[in-house]
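This report goes through one protein model, with the sequence and the 3D view side by side. Please keep both open while reading.

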Amino acid sequence: MVAKITVEEGEFAGWQTYDLHGTFDQTVGPFYFKPDPDGRMRCAFRAEGKHMNAGHRMHGGCLMTFADIALFQTAYQEMEGKSGVTVQLDSTFIDGARVGELVEATGEVVRAGGSLIFVRGQITTGDRTLMTFSGVIKKFTPRV
């Protein structure tokens with residue numbers, strides 16, 4: 001199991017992240033998360049140069065990666081301590097973020113069954129929607 005870390009200083013003090021050394025998530029992140037007062041999970045990161053495409057807008061692959069992270073954070077309670085894999089992730093790109101902008105994701109579980117969790121959400125910066133997404137997680141008990 002990957003360890004959760006609570007950030008103690010800086011812009012994301014009080015948020016959590018994962019100890020993801022040596023993974024793709026570490027390369028493209030860090031991504032942070034915390035529950036909103038209503039209990040929904042909020043995910044965020046600050047856009048950096050490494051997240052941009054040649055047109056100086058956030059790369060679509062970065063938004064898709066962030067959507068995948070948000071998919072699992074949104075469904076965290078429904079995972080019931082099990083592992084999971086994304087079996088479907090759909091997206092609609094609406095706008096692009098620029099360096100320095102705070103990028104956030106929120107969402108909701110549409111339906112959760114015994115092995116599948118259906119989620120939808122949106123990624124924003126300020127009052128601009130960057131992307132909407134929906135996805136399906138297949139949860140399973142990992143083999144030891």
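D95 is partly exposed, with a relative accessible area of 27%. The model is a predicted one, and every value in this report is computed from it.

**Salt bridges**

D95 makes a salt bridge with R128, at 2.8 Å from N to O. D95 sits in the loop between β5 and β6, and R128 belongs to strand β8 (residues 128-140), so this pair ties together parts that are 33 residues apart in sequence. The pair is also part of something wider: R57, D95, E101 and R128 are joined into one network by salt bridges that share partners. R128 counts as partly exposed, at 24% relative accessibility. Side chains of opposite charge can pair when their charged atoms come close.

How many salt bridges are there in the model? The count comes to 8. Another of them joins the side chains of E11 and R46, at 2.2 Å from N to O. E11 lies in the loop between β1 (4-6) and β2 (16-18), while R46 lies in strand β4, so the bridge ties together parts that are 35 residues apart in sequence. E11 is partly exposed, with a relative accessible area of 46%. R46 is partly exposed as well, at 32%.

A further salt bridge is formed by the side chains of E104 and R42, at 3.4 Å from N to O. It links distant parts of the chain, with E104 in strand β6 and R42 in strand β4, 62 residues apart. Is E104 buried or exposed? E104 has a relative accessible area of 18%, and the cut-off for buried is under 20%, so E104 counts as buried.

The table lists these three salt bridges.

| Pair | N to O distance |
|---|---|
| E11 and R46 | 2.2 Å |
| E104 and R42 | 3.4 Å |
| D95 and R128 | 2.8 Å |

**Strands around β4**

Strand β4 has already appeared twice, as the home of R46 and of R42. Which strands pair with β4? One is strand β3 (residues 32-35), which is joined to β4 (residues 41-46) by 4 bridges, the two running antiparallel. Within this pairing, Y32 stands opposite A44 in β4, and the bridge partner of P35 is M41. β3 and β4 form a hairpin with 5 residues between them. In its turn, G39 has a positive phi of about 95°.

Another partner is strand β6 (residues 102-112), which pairs with β4 in the antiparallel sense over 4 bridges. Here A44 stands opposite E104 in β6. A44 therefore links the two pairings, facing Y32 and E104. In a regular strand the side chains alternate between the two faces of the sheet.

**D36 and R42**

D36 lies in the loop between β3 and β4. It is buried, with a relative accessible area of 17%. A polar contact of 2.9 Å joins the side chains of D36 and R42. R42 also takes part in the salt bridge with E104. Leaving aside its neighbours within four places in sequence, D36 is in contact with R42 and T106.

**G100 and R46**

G100 is found in the loop between β5 and β6, the loop that also holds D95. What is the distance between G100 and R46 in space? They are 6.1 Å apart, C-alpha to C-alpha, although 54 residues separate them in sequence. Apart from neighbours within four places in sequence, G100 is in contact with R46 and A47. G100 is partly exposed, with a relative accessible area of 39%. R46, as described above, has its own salt bridge with E11.

**A nonpolar patch**

The surface also carries a nonpolar patch. V85, V87, V110, L116, F118 and F140 form it, with about 460 Å² of accessible area together. β5 (83-93) and β7 (116-125) are the elements that give two or more residues to this patch. F118 lies in strand β7. Its relative accessible area is 33%, which makes F118 partly exposed.

Terms used
Residues numbered from 1 in each chain as written. Predicted model: local features only at pLDDT ≥ 70, side-chain atom pairs only at ≥ 80, totals over all residues. Heavy atoms only, no water. Patch = residues over 30% accessible without salt bridge, like charges linked within 9 Å, V, L, I, M, F, W, Y side chains within 5 Å. Areas by Shrake-Rupley, 256 points an atom, 1.4 Å probe, with all protein chains shown as cover. Salt bridge = Lys/Arg side-chain N within 4 Å of Asp/Glu carboxyl O. Buried < 20%, exposed > 50% of the residue type's maximum accessible area, 1.4 Å probe, protein only. Pairing = 2+ DSSP bridges. Polar contact = N/O pair within 3.5 Å; in protein donor to acceptor, adjacent residues only side chain to side chain. Contact = heavy atoms within 4.5 Å.
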